[in-house]
Amino acid sequence: MTPENARLHQLRGGLAPVEVGARGIESIARNADCTRLRAIVIAGLTPNDVIKNVLGEAADVMSPFAMTLTQAFERRLLANAGGSLLTVYREKGHLDPQDAKIANVADLAPRDTHVDRIRRERETRRLIELKMRGDPTAPNLILKPRLTLTIVGVSHAIELDYLVASDREPFYRVGVIKSYADRGGKTNNAHVRSACREAAVGTLALRQLLEEAGRSADLAGDRVDMVLKAPASFSPRLFAAQRAESELASLSRALTAAPSDLDQIEQMLPAGASLADPAVIESLPNHYCSTCKEHCSLWKHCRAQAQAQGNAIILGDQAAEQLAAAGSLNRAMDLLNGAGRPPDNRAEAVLAAELQAASLLLDRIANG
Ligand code: SF4
């Protein structure tokens with residue numbers, strides 16, 4: 001065991017590590033101010049593991065319907081050795097007729113064993129190096145590539161849906177397959193942004209790989225591809241070369257924020273403490289917000305903690321912003337009722353006047 005792995009093992013308190021994947025890493029950027037989530041992911045755990053194995057509660061499970069839909073769509077698109085995906089690219093003119101080389105990394109080493117995972121990593125690297133060298137045999141589509149991304153000195157494996165490049169393009173873009181229905185302007189923007197961020201995690205891994213090989217990280221570019229499905233059908237809709245600069249920037253920012261290395265995470269915990277202890281999880285600073293529910297299984301736990309602390313965020317983002325001057329719900333109630341100490345400053349005085357005026361108005365509307 002390397003010294004780094006030994007430290008991670010100690011940090012996890014004996015809990016088995018899991019591969020958090022691109023999705024887990026992407027979730028850090030969704031709440032960059034949450035130290036609790038970052039520490040959990042960096043240690044090689046997921047919020048779901050913590051819920052189940054540390055807090056002893058029922059873990060979140062994806063609805064069987066959504067899971068079946070996702071798997072069926074992906075299977076169909078990657079069927080015939082990736083032929084369907086290739087067809088979509090050709091139809092849209094993003095691959096030329098001669099761009100017909102497809103490699104499926106998962107076919108080479110399909111098992112979920114240490115040996116096969118290493119083989120998938122090596123094969124992915126070998127295929128990408130072909131492209132770096134300008135070898136004409138480099139695949140145009142690499143299905144299920146396995147890359148690594150180093151965050152705060154810890155290497156995390158990520159398995160992506162695919163990489164794509166025509167023969168005339170110098171390097172690969174990352175592609176994600178999602179079973180969300182493309183509804184034009186009505187497609188859920190949060191879903192689209194999250195899919196782009198997930199692909200951007202792969203782009204960061206490609207950048208690191210290029211740098212390790214002494215090449216410019218810029219070769220990986222700042223664009224990603226996304227395949228959604230048409231509403232009420234399994235027809236694929238390709239969104240190629242989508243700009244992802246802001247997703248890459250938000251990920252880079254989130255991944256370099258404190259705690260930015262293992263030392264800092266260890267320093268936050270009492271000596272010998274580990275994330276297997278519920279009290280330690282509780283003591284890690286968090287940042288509950290209204291979007292936590294969309295991506296983090298700990299949301300109920302963190303919301304209850306925010307409620308116990310009288311944090312106005314439990315009433316939503318707008319209320320939290322409007323009540324910011326009070327600092328807590330209890331203080332806001334005191335300002336409304338003229339109870340407790342008088343307003344500490346002008347911001348509290350303005351808030352007290354606004355709350356009392358709103359209360360009077362509500363009273364008039366309700367009682368005539
Ligand atoms: S639910 Fe809790 S741990 Fe998860 S991101 Fe939100 S505040 Fe952080």
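A pocket is an open set of grid points with protein on both sides within 12 Å along at least five of seven lines, and its lining residues have an atom within 4 Å of a point. The legends below describe close-up views of a predicted model.

**Figure 1. The largest pocket and its lining.** The largest pocket holds about 2100 Å³ of space. Its lining comprises 50 residues, and Arg23, Gly24, Met62, Lys178 and Glu198 are those nearest the centre. Two or more lining residues come from each of helix 2 (21-30), helix 4 (47-54), helix 5 (64-91), strand 4 (154-159), strand 6 (173-181), helix 8 (189-212) and helix 12 (292-295). Sorted by class, the lining of the largest pocket contains 22 nonpolar, 13 polar and 15 charged residues.

**Figure 2. The salt bridge between Glu198 and Lys178.** The closest N and O atoms of this pair are 3.1 Å apart. Glu198 belongs to helix 8 and Lys178 to strand 6, so the salt bridge ties together parts separated by 20 residues in sequence. Both Glu198 and Lys178 are buried. Both are also among the residues nearest the centre of the largest pocket.

**Figure 3. The second largest pocket.** The space in the second largest pocket amounts to about 530 Å³. Of its 18 lining residues, Asn5, Leu8, Pro17, Val154 and Ser155 lie nearest the centre. Helix 1 (3-12) and strand 4 are the elements that each give two or more residues to this lining. By class, the lining of the second largest pocket has 8 nonpolar, 7 polar and 3 charged residues.

**Figure 4. The salt bridge between Lys144 and Asp161.** The closest N and O atoms of Lys144 and Asp161 are 3.3 Å apart. Lys144 is located in the loop between strand 2 (141-143) and strand 3 (146-151), and Asp161 in the loop between strand 4 and strand 5 (162-164), so the pair links parts 17 residues apart in sequence. Asp161 counts as buried because its relative accessibility is 12%, the cut-off being under 20%.

**Figure 5. The Glu245 and Arg243 pair and a salt-bridge network.** The side chains of Glu245 and Arg243 form a salt bridge with an N to O distance of 3.0 Å. Glu245 counts as partly exposed at 35% relative accessibility, as does Arg243 at 48%. Elsewhere, Glu19, Asp112, Arg117, Arg120, Glu121, Arg146 and Glu159 are joined into one network by salt bridges that share partners. The model has 27 salt bridges in total.

**Figure 6. Cys296 and Cys302.** Cys296 is buried at 11% relative accessibility, and Cys302 is buried at 9%. The count of disulfides in the model is 0.

Methods. Residues are numbered from 1 along each chain as its sequence is written. This is a predicted model: local features need pLDDT of at least 70, side-chain atom pairs count only at pLDDT 80 or more; totals for chains, interfaces and linings use all residues. Side-chain values use heavy atoms; hydrogens and water are left out. A disulfide is a pair of cysteine sulfur atoms within 2.5 Å. Buried means under 20% relative accessible area, exposed over 50%, partly exposed in between (1.4 Å probe, protein chains only). On a 1 Å grid over the protein atoms alone, a cavity is a set of points where a 1.4 Å probe fits but cannot get out, and a pocket is an open set with protein on both sides within 12 Å along at least five of seven lines; lining residues have an atom within 4 Å of a point. Grid points are joined across faces, edges and corners, and a volume is the space filled by probe spheres set on the points. Helices (H or I, at least four residues) and strands (E, at least two) are DSSP runs, numbered from the N terminus. Ala, Val, Leu, Ile, Met, Phe, Trp, Tyr, Cys and Pro count as nonpolar, Asp, Glu, Lys and Arg as charged, and the others, Gly among them, as polar. A salt bridge is a side-chain nitrogen of Lys or Arg within 4 Å of a carboxyl oxygen of Asp or Glu.
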